[in-house]
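Me: I have a structure open here and would like to go through it step by step. Could you help me read it?

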Amino acid sequence: MPTGVLVAVGDDIAREAGFGVPVALTAAAWADCVAWTEEDNRQTYQDESGRLWDVLWMTHYAIRRSDGGRSCTVELYRVPRDGESHESEQTWLLATCGPDDEGGPVITISLPGED
């Protein structure tokens, strides 16, 4: 996926994870923390739906614990897609609430440092 592309999270799973507004991940955050293929299962078994749930759940938890500002950091452990790792490693995401294309609220989950 090209830089700057957002991957929309389905409303059902976002709502189930506790979100009342739409949620999207940047392509880079999706690739790092959610994407998983059958080929990746050679290193350890996981699937995208489980990895997405982990990102959403930990993001919702971080937002609940935050000071109510426009953004907060999210601590997450995930198995890197490097073809070798079997253990989870710590990573950080950034959750930001801002306007969507029509001016409504949306939570965008990105890697730190992404614009």
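Me: Let's start with a cysteine: is C72 buried or exposed?

Reply: C72 counts as buried, because its relative accessibility is 11%, where buried means under 20% relative accessible area, exposed over 50% and partly exposed in between, with a 1.4 Å probe and protein chains only. Before going on, please keep in mind that this is a predicted model, in which local features need pLDDT of at least 70 and side-chain atom pairs count only at pLDDT 80 or more, while totals for chains, interfaces and linings use all residues. Residues are numbered from 1 along each chain as its sequence is written, and side-chain values use heavy atoms, with hydrogens and water left out.

Me: Why is C72 not bonded to C97?

Reply: The sulfur of C97 is the closest cysteine sulfur to that of C72, but at 10 Å it is too far for a bond; a disulfide is a pair of cysteine sulfur atoms within 2.5 Å.

Me: And how many disulfides turn up in the whole structure?

Reply: A search of the whole structure finds zero disulfides. C33 is in no disulfide either, and the nearest cysteine sulfur, that of C72, is 14 Å away. C33 counts as buried, with 2% relative accessibility.

Me: Changing topic, how are the strands ordered in the sheet?

Reply: The sheet is open and has five strands in the order β1-β2-β5-β4-β3, with mixed pairing; strands (E, at least two residues) and helices (H or I, at least four) are DSSP runs numbered from the N terminus, and two strands pair if DSSP finds at least two bridges between them. The edge strands are β1 and β3 (71-78), each of which pairs on one side only. From one strand to the next, the twist averages 30°, taking axes as lines fitted to C-alpha atoms, for helices over the stretch in contact, and angles from 0 to 180 degrees between N-to-C directions.

Me: Which helix packs on that sheet?

Reply: Helix α3 packs on the sheet, where it touches β2, β3, β4 (89-99) and β5, and its direction makes about 140° with that of β3; contact means heavy atoms within 4.5 Å.

Me: What does β2 pair with on the β1 side, and in which sense?

Reply: β2 pairs with strand β1 (residues 6-8) in the antiparallel sense, over three bridges, and A8 stands opposite A24 of β2. β2 also pairs with strand β5 (residues 105-110), here in the parallel sense and over three bridges. In that pairing L25 stands opposite I109, and the bridge partner of A24 in β5 is T108.

Me: Are the faces of β2 covered or open?

Reply: Both faces of β2 (residues 23-26) are covered, with V23 and L25 buried on one side and A24 and T26 buried on the other. In a regular strand the side chains alternate between the two faces of the sheet.

Me: Back to α3, then: why is the pair W53 and W57 called stacked?

Reply: The ring centres of W53 and W57 are 5.9 Å apart and the planes are at 20°, so the pair is stacked. The rule is that rings of Phe, Tyr and Trp (its six-membered ring) pair if their centres lie within 6.5 Å, and planes under 30 degrees apart count as stacked, over 60 as edge-to-face and the rest as tilted. Both residues lie in helix α3 (residues 48-65), four residues apart, which is about one turn of the helix. W53 is partly exposed at 26% relative accessible area, and W57 is also partly exposed, at 39%.

Me: How many salt bridges are there?

Reply: The count comes to two salt bridges, each being a side-chain nitrogen of Lys or Arg within 4 Å of a carboxyl oxygen of Asp or Glu. One joins D12 and R15, whose closest N and O atoms are 2.9 Å apart; the two residues both lie in helix α1 (residues 11-16), three residues apart. D12 is exposed at 58% relative accessibility, and R15 is exposed at 51%.

Me: Which residues form the other one?

Reply: The side chains of D32 and R78 meet in a salt bridge, at 3.2 Å from N to O. This pair links distant parts of the chain, as D32 lies in helix α2 (residues 27-33) and R78 in strand β3, 46 residues apart. D32 counts as partly exposed at 24% relative accessibility, whereas R78 counts as buried at 12%.
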